[in-house]
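Q: Please give a close look at the largest pocket of this model and at the elements that line it. Which residues lie nearest its centre?

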Amino acid sequence: MKLSQFKFKLPEEQVALYPPHRAFENEDGTVDRIYNRDQCRLMVLHRKSEKIDMFKKDDEGNDTEEFLTFRDLLNYFDEGDAFVFNDTKVFPARLYGTKEKTDAKIEVFLLRELNEELRLWDVLVEPARKIRIGNKLFFDGDGPMVAEVIDNTTSRGRTLRFLYDCDHDEFKRELYALGEAPLPRYIVDNRKCEPEDTENFQTVYAKNEGAVTAPSTGLHFSKQLMKMMEIRGFNFAFLTVHCSLGSFDPIEVEDLTKHKMNSEQMMIGPDCCNVVNEAKAAGHHICAVGVSVARATETAVGTDGMLKEYDGWTNKFLFPPYEFGLADSMIANFYHPESTMMMATAAFGGYDLVFEAYQQAVKHGYGFGCYGDAMLILDD
């Protein structure tokens, strides 16, 4: 397929800057928000019949004027069905420092730790033109956290050595205390990161630290919803994919077969495999929660259609046409035009049906992006 086939006009006001919430304006003009992560809208796609559900039904089975919400996904699954979640944990990767002598404000985005003993980190810096090898960056004003630039890796990439004399656990605590939730650029370019984002930009089941962006589809699941799913007899399987910024890289080729995805670290253990494979063998549905899960399971599925243990990296790029080997249902967000996440969704649901769903989403004011609304794709 071609890149241009995934282009559509996304109104700026439909990019969600906050999770689902109710807002209350105070007398002093400030705004308080009560967040309800499982109250986003839900659009349901049936890929065989090519039907799209957006509205709740009345007692006679007719559409009402009330939109489906995320909690309505309970009605589309049965006891024994399995949901596969990505339990990666986002760390506060975005920091702000000042350059020595000039006091220029520099954004430092932590990507990964390269050497624990030497305090070496792979980072992105902005504005990159001001940061050269040998420069020192100061964090938290006159605080003790200082970093020295020791290498250029890409046009924006740098290797930093943090000059902080203490044990590693204390260093990490101090470093993360200076950071904030690594919201996507399409959000932070329109509003400041707020304290509530630390919780909102993390799944309720996050466990294994290592992601620099959230597995956004998982953000819709609340503790209350997962308890309801458990009561209904749904099974949960957890794998880990440390989501990187690679999914946000622009595709620079028209022919999608020539695009190369960045690699992401992933782990699938025996417990995850057992839950998924037992459910599949018993004829139950397997639901991939998000694109990162779909990429991981397609990396590790065997020729027998069963999930295998895995510890390594994946650069799996999903785009139509593609035949999935494991999951028969998938939950996704509404993503930006020409994004790899949109392409993976179209690979699962079929290009024509998913593109029609996107057109309906724009028409009916659905929210796009990590804090936006959700799509459920079923194999019926």
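A: On a 1 Å grid over the protein atoms alone, a pocket is an open set of points where a 1.4 Å probe fits, with protein on both sides within 12 Å along at least five of seven lines; its lining residues have an atom within 4 Å of a point. The model is predicted, so local features are given only at pLDDT of at least 70 and side-chain atom pairs only at 80 or more, while totals for chains, interfaces and linings use all residues. Numbering starts from 1 along each chain as its sequence is written, and side-chain values rest on heavy atoms, without hydrogens or water.

The residues nearest the centre of the largest pocket are L111, V212, S244, L245 and G246, out of a lining of 38 residues. The volume of this pocket, taken as the space filled by probe spheres set on grid points joined across faces, edges and corners, is about 1,100 Å³. Elements below are DSSP runs numbered from the N terminus: helices (H or I) of at least four residues and strands (E) of at least two. Those that give two or more residues to the lining are β10 (105-115), β11 (120-126), α1 (168-177), α2 (185-188), β15 (208-211) and β17 (264-268). The largest share, five residues, is supplied by β10.

Two of these lining strands, β10 and β11, also belong to a barrel. Six strands close this barrel in the order β9-β10-β11-β14-β13-β12, with antiparallel pairing; two strands pair if DSSP finds at least two bridges between them. Within the barrel, β13 (residues 146-152) and β14 (residues 157-162) run antiparallel and are joined by five bridges. One bridge can be placed exactly: D151 has T159 of β14 as its partner. Where β11 gives way to the loop that leads to β12 (136-139), P127 is found, and the peptide bond from E126 to P127 is cis, with omega near 0°.

The lining strand β17 leads to another part of the model. T314, in strand β19 (residues 310-314), has contacts (heavy atoms within 4.5 Å) with N262, S263, E264, M266, R295 and T299, residues up to four places away in sequence not being counted. T314 is classed as buried because its relative accessibility is 3%, the class being under 20%, with exposed over 50% and partly exposed in between (1.4 Å probe, protein chains only). The loop between β19 and β20 holds P321, which is joined to P320 by a cis peptide bond with omega of about -5°.

Beyond β20 (329-333), the loop to α7 contains E338, whose phi is positive at about 60° although E338 is not a glycine. E338 counts as partly exposed because its relative accessibility is 27%. Helix α7 (residues 340-349) is itself mostly covered, with 10 of its 10 residues buried; among them are M341, M342, M343 and F348. These buried residues pack against α6 (291-300), β20, α8 (351-363) and β21 (374-378). Just after α7, G350 adopts a positive phi of about 95°.

A further positive phi, near 60°, occurs at E50, again not a glycine. E50 lies in the loop between β3 (42-46) and β4 (51-53) and is exposed, with a relative accessible area of 56%. As background to these backbone features, most residues other than glycine have a negative phi, and most peptide bonds are trans.
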